[in-house]
Structures are given as C-alpha cells and as structure tokens.
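I am keeping these entries as a record of what I looked up, in the order in which I looked it up. The coordinates come first, and my notes follow.

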Amino acid sequence: LARAVALAAASALAHAAFSHKVKAVGDDMTRTLWFCAEFDAHGKDRLTEGEVEAWIQKQGVWARVMQWTEQDRAHWWRLADQDQDQLLTRSEFVFLMHVTDYCLRGLAFSIAQQDF
C-alpha cells in the first residue's frame with residue numbers, strides 16, 4: 001500500500017512538472033534532459049516495456065524497480081502509458097522516469113505522508 005501511495009504521489013509530482021504547474025529547474029531539468037537523451041538514443045518513436053526495463057536494469061540503483069511486485073510495476077507502467085498502447089512515447093518515457101526517480105529518491109514517500 002505504501003508503494004502504491006508513493007507511486008500516486010510521484011505521479012502527481014511528475015504531472016505537475018509536465019503541466020508547468022511546477023517549474024523544472026536545476027536537478028529536475030538536468031534529469032529531464034538526460035531522460036530525453038536516453039530515449040532518443042534508441043532511435044525509435046516508441047519504446048516497449050521490455051526496452052524500458054532493459055534500460056532501467058543498466059542504471060544501477062534504478063534496477064530496484066525490477067524488484068517491485070508485478071502488480072506495482074504494472075501500475076507504474078499504466079501511469080505513464082497514457083494511450084494504453086503498451087508503448088511509451090518520448091513524453092511518456094520522461095514522465096515515467098521522473099515518477100521512478102521521485103520514488104527511488106524517497107520524495108514520493110515524504111509527500112504522500114504530508115497532511116494537506
């Protein structure tokens with residue numbers, strides 16, 4: 001349950017950043033540029049879940065995502081795959097990577113626990 005709440009909080013953070021409610025500066029902007037470059041390096045318009053997971057496996061600490069339950073990973077994928085075509089566009093990939101980054105850095109957990 002905590003991971004589901006964290007995923008939802010991370011999704012809200014990433015969505016806010018993407019809809020320009022939160023200005024991406026500094027570290028978040030650097031990460032966005034990195035995520036875009038990594039997507040572009042594939043030379044494709046869309047990536048499969050397997051391609052995204054293979055990329056994550058190569059990222060060291062990010063490989064912890066692959067230890068999440070199948071249900072959590074399915075939810076994680078659905079958050080980003082907005083058109084539900086089982087492929088990620090560049091913007092969907094960047095969104096997913098921000099959600100993942102927020103979760104792995106613990107930002108989603110601290111936000112999910114705040115009383116609003």
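Before listing any residues, I note that I call a residue buried when its relative accessible area is under 20%, exposed when it is over 50%, and partly exposed in between. I also note that the model is a predicted one.

Entry on helix 4. I looked up which residues of helix 4, which spans residues 70-80, are buried, and I found Asp-72, Arg-73, Trp-76, Trp-77, Leu-79 and Ala-80. Looking down the axis of helix 4, I see the buried residues within an arc of 155 degrees, so they line one face of the helix. I then turned to the face of helix 4 that points away from the buried side, where I found the exposed residues Glu-70 and Gln-71.

Entry on the whole chain. I stepped back to the overall layout and counted six helices and two strands in the protein chain. Reading from the N terminus, I wrote down the order of elements as α-α-β-α-α-β-α-α. The protein chain has 116 residues, of which 40% count as buried. For the surface I recorded an exposed area of about 6,600 Å², with carbon and sulfur atoms supplying 56% of it. I also looked at contacts between residues at least 6 apart in sequence, and of these 68% join residues at least 24 apart.

Entry on helix 3 against helix 4. Two packed helices are described by the angle between their axes and the distance between the axes. For helix 3, residues 49-57, packed with helix 4, I noted an angle of about 110 degrees and axes 12 Å apart. Since angles of 65 to 115 degrees count as roughly perpendicular, I describe helix 3 and helix 4 as roughly perpendicular to each other. Which residues meet at this contact? From helix 3 I listed Glu-49, Val-52, Glu-53 and Ile-56, and from helix 4 I listed Arg-73, Trp-76 and Trp-77. Sorting the residues of this contact by type, I obtained four nonpolar, no polar and three charged.

Entry on Glu-53. I followed up this residue of helix 3 and asked whether Glu-53 is buried or exposed. Glu-53 has a relative accessible area of 16%, so I entered it as buried. Leaving aside residues up to four places away in sequence, I found that Glu-53 touches Met-66, Arg-73 and Trp-76.

Entry on Arg-31. I located Arg-31 in helix 2, which covers residues 26-41. I entered Arg-31 as buried because its relative accessible area is 19%, and the cut-off for buried is under 20%. Again setting aside residues up to four places away in sequence, I listed His-98, Asp-101 and Arg-105 as residues that Arg-31 touches.

Entry on backbone angles. Most residues other than glycine have a negative phi. I therefore noted Gln-84, which has a positive phi of about 55 degrees although it is not a glycine. Gln-84 lies in the loop between helix 4 and strand 2, residues 87-88, and at 42% relative accessibility it counts as partly exposed. Gln-86 likewise has a positive phi, of about 70 degrees, and is not a glycine. I placed Gln-86 in the loop between helix 4 and strand 2, and I entered Gln-86 as partly exposed, with a relative accessible area of 45%.

Notes. Residues are numbered from 1 along each chain as its sequence is written. This is a predicted model: local features need pLDDT of at least 70, side-chain atom pairs count only at pLDDT 80 or more; totals for chains, interfaces and linings use all residues. Side-chain values use heavy atoms; hydrogens and water are left out. Helices (H or I, at least four residues) and strands (E, at least two) are DSSP runs, numbered from the N terminus. Buried means under 20% relative accessible area, exposed over 50%, partly exposed in between (1.4 Å probe, protein chains only). Contact means heavy atoms within 4.5 Å. Accessible areas come from the Shrake-Rupley method with a 1.4 Å probe; for residues, only the protein chains shown count as cover. The arc is that of the directions from the helix axis to the C-beta atoms. Axes are lines fitted to C-alpha atoms, for helices over the stretch in contact, and angles run from 0 to 180 degrees between N-to-C directions. Angles under 35 degrees count as roughly parallel, over 145 as roughly antiparallel, 65 to 115 as roughly perpendicular and the rest as oblique. Ala, Val, Leu, Ile, Met, Phe, Trp, Tyr, Cys and Pro count as nonpolar, Asp, Glu, Lys and Arg as charged, and the others, Gly among them, as polar.
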